[in-house]
Amino acid sequence: MHSARSDASVRDTVEVTLVGGPLEAPERARVPLTTVRERKVKVPRHGGYEHYELVDAKDGASDTVFEWTMRTTIAE
């Protein structure tokens, strides 16, 4: 049985497609809806973050696509 908190967490997220970036980077990610509204995704990976920005939908595509823009490292 799922808790109300986990159900709310799933409802407040959306699965998106990630394109570009390093070969080992994930192709899909579940992100908060607020991330989509802000048009940016930051995915933690190997001591840093892969940054993606929302690509405007074209040709009636229903998928939410973010394109890789850069990598940053976590400051120690």
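This report describes the salt bridges in a predicted model and where their partners lie along the chain.

Side chains of opposite charge can pair when their charged atoms come close. In this model the count comes to six salt bridges, and three of them are set out below.

| Acidic partner | Basic partner | Closest N to O distance |
|---|---|---|
| Glutamate 15 | Arginine 28 | 3.1 Å |
| Aspartate 63 | Arginine 28 | 3.3 Å |
| Glutamate 50 | Arginine 71 | 2.7 Å |

Arginine 28 pairs with glutamate 15 through a salt bridge whose closest N and O atoms are 3.1 Å apart. Glutamate 15 belongs to strand β1 (residues 13–19) and arginine 28 to strand β2 (residues 28–32), so this pair ties together parts that stand 13 residues apart in sequence. Glutamate 15, at 36% relative accessibility, counts as partly exposed, and arginine 28, at 38%, counts as partly exposed.

Arginine 28 also meets the side chain of aspartate 63 in a salt bridge. Here the link joins distant parts of the chain, with aspartate 63 in the loop between β4 (48–55) and β5 (65–73) and arginine 28 in strand β2, 35 residues apart. Aspartate 63 has a relative accessibility of 34% and counts as partly exposed.

A further salt bridge connects glutamate 50 with arginine 71. Because glutamate 50 lies in strand β4 and arginine 71 in strand β5, this pair ties together parts 21 residues apart in sequence. Glutamate 50 is buried, at 0% relative accessibility, whereas arginine 71 is partly exposed, with a relative accessible area of 33%.

Through shared partners, salt bridges join Glu15, Arg28, Arg30 and Asp63 into one network.

Definitions and conventions. Residues are numbered from 1 along each chain as its sequence is written. This is a predicted model: local features need pLDDT of at least 70, side-chain atom pairs count only at pLDDT 80 or more; totals for chains, interfaces and linings use all residues. Side-chain values use heavy atoms; hydrogens and water are left out. A salt bridge is a side-chain nitrogen of Lys or Arg within 4 Å of a carboxyl oxygen of Asp or Glu. Helices (H or I, at least four residues) and strands (E, at least two) are DSSP runs, numbered from the N terminus. Buried means under 20% relative accessible area, exposed over 50%, partly exposed in between (1.4 Å probe, protein chains only).
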